[in-house]
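Here are my notes for your review. Please read them with the coordinates open.

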Amino acid sequence: MSSSTHQHETDVFVVGGGPAGLAAAIACRDRGFRVILADPSVPPIDKTCGEGLMPDSLSALTALGISLDESRCFPFRGIRFLNRSRSVDASFPTGNGFGIRRTALHDILTQRALDAGVYLRWRACVRGLSSDGVNLDGQNIKSRWIVAADGQNSQVRRWAGLDTSPPAVRRFAFRKHYRLAPWTDCMEIHWGPTFQIYITPVAADEVCVVVISRDPHLRLDEALDSVPQVHDRVARAVPVTTERGAVSVTRRFRNVTKDNVALIGDASGSVDAITGEGLCLSFRQATALADALASENLQAYESAHRRAMRRPALMGQGMLLLDRSSWLRNRILSALTYEPSIFSGLLAVHVGASAHTR
Ligand SMILES: Cc1cc2nc3c(=O)[nH]c(=O)nc-3n(C[C@H](O)[C@H](O)[C@H](O)COP(=O)(O)OP(=O)(O)OC[C@H]3O[C@@H](n4cnc5c(N)ncnc54)[C@H](O)[C@@H]3O)c2cc1C
């Protein structure tokens with residue numbers, strides 16, 4: 001729905017038009033709610049991301065009425081771990097994952113939201129909460145429910161008094177895309193001494209390369225110097241985007257709802273980026289939240305949110321342990337190389353094939 005006359009009242013107001021906000025808007029609209037979504041940016045919104053969608057993300061997207069076709073993304077069959085001397089990979093137990101440029105994913109979600117009839121307000125910023133809705137650039141919009149999808153530094157979370165979490169683990173990431181035919185049929189994670197570089201094929205002629213570490217000063221080119229397997233390939237390729245940074249936060253909140261406010265996506269807590277599960281979590285949460293709003297039972301969303309976070313959070317902790325201890329990393333990598341079926345089993349759990357959360 002697009003109209004020159006702005007609406008002043010709605011059932012659901014979604015603050016933030018990233019993947020989580022758009023997913024929530026779609027799911028709520030599909031259940032018959034009137035939905036307004038606002039974001040200060042203009043689509044398609046880009047963001048530093050590994051751009052990998054695991055198979056569980058694809059099924060979560062299907063629940064939102066979205067199926068990806070290979071014209072806008074690139075399939076990969078599993079995950080490969082590598083260090084200087086070892087390499088081990090495993091295929092997903094069910095189907096492929098997909099690499100997709102963040103802007104392409106945003107475009108697909110935006111189009112679906114428009115088709116569903118979500119009222120989209122770009123270049124519009126929520127400035128505060130009011131007794132019966134939100135303050136959108138000085139204008140009061142009445143809303144029965146407020147969905148906070150305003151990202152990891154959520155202001156709505158603070159305004160609603162939900163900003164209570166133990167100290168977060170922060171890591172720092174930098175990303176670039178290269179014009180290069182993918183050399184790999186997997187999403188690759190190269191374990192360096194103090195960082196990981198991960199590679200996602202996103203098109204037949206493009207790969208996304210991300211470095212992530214605890215050091216805010218470690219840039220991609222410097223990290224690549226110590227990973228010759230990747231450096232030698234990308235050194236000859238043309239970068240098609242400039243380097244862009246982001247902070248990856250591991251954090252959980254005691255509650256994700258209060259009164260008529262519900263948090264979703266990174267605003268509601270997040271797992272380390274290396275898990276590749278952030279988007280999937282947002283999509284799952286969107287469906288659970290819309291169901292909870294339809295039954296006027298936010299407690300159901302609290303429970304579903306907690307359940308959905310459990311497995312990715314555990315996997316994230318495991319990855320952070322490997323990041324911290326080179327001794328453990330070497331032991332685990334050699335064990336997985338010696339017995340790849342363990343890696344297959346772990347990957348199956350990681351994508352929820354043997355531990356369904358909903
Ligand atoms: C380095 C890195 C790599 C990652 N790799 C992957 C990966 O490979 N696979 C995966 O699944 N996940 C990955 N993730 C996680 C994933 O990117 C996030 O989980 C996802 O972006 C969360 O989306 P979101 O909509 O919650 O937040 P965001 O994308 O941050 O969107 C928040 C939106 O809210 C808007 N906003 C903020 N304040 C206001 C306001 N006051 N009013 C209105 N709007 C507002 C912002 O403009 C923004 O558009 C990665 C994350 C990082 C940091």
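The points below go from the overall fold to the ligand shell and then to the strand pairing.

1. **Status.** This is a predicted model. Every point below should be read with that in mind.

2. **Overall dimensions.** The chain has 358 residues and a radius of gyration of 20 Å. A compact globule with that number of residues would have a value near 21 Å, so the chain agrees with the rule. Along the principal axes, the C-alpha trace spans about 60 × 40 × 35 Å.

3. **Content and packing.** The chain holds 10 helices and 20 strands. Of its 358 residues, 51% count as buried. Take the contacts with a separation of 6 or more: 74% of them join residues 24 or more positions apart.

4. **Ligand shell.** Which residues are closest to the ligand? They are Gly-16, Gly-18, Gly-50, Gly-265 and Gly-278, out of 41 residues that surround the ligand. Five elements each give two or more residues to this shell: α1 (19-30), β2 (35-39), β15 (206-213), β17 (244-252) and α7. The largest share comes from α7, with four residues.

5. **Shell chemistry.** By class, the shell around the ligand has 18 nonpolar residues, 17 polar residues and six charged residues. Gly is counted as polar, so the five closest residues, Gly-16, Gly-18, Gly-50, Gly-265 and Gly-278, fall in the polar class.

6. **Pairing of β17.** Strand β17 contributes to the ligand shell and also pairs with other strands. With β12 (residues 169-179), β17 forms seven bridges in the antiparallel sense. Here Phe-172 has Val-247 of β17 as its bridge partner. With β20 (residues 269-270), β17 forms two bridges, again antiparallel. In that pair, Arg-252 is bridged to Gly-269 of β20.

7. **Three-stranded sheet.** One open sheet has three strands in the order β3-β7-β4, with antiparallel pairing. Its edge strands are β3 (52-53) and β4 (74-76), and each pairs on one side only. Strand β7 (residues 97-99) is joined to β4 by three bridges. One bridge partner pair is Phe-74 with Gly-99 of β7.

8. **Helix α2.** Which residues of α2 (residues 55-62) are buried? They are Asp-56, Ser-57, Leu-58, Ala-60 and Leu-61. What covers them includes β3, β7 and α7 (278-294). Two of these covering elements, β3 and β7, belong to the sheet of point 7. The helix α7 also gives four residues to the ligand shell.

Terms used
Residues numbered from 1 in each chain as written. Predicted model: local features only at pLDDT ≥ 70, side-chain atom pairs only at ≥ 80, totals over all residues. Rg over C-alpha atoms; globule rule 2.2 N^0.38 Å. Buried ≥ 20, exposed ≤ 12 C-beta atoms within 10 Å, placed from the backbone. Contact = placed C-beta atoms within 7 Å. Pairing = 2+ DSSP bridges. Near = placed C-beta within 6 Å.
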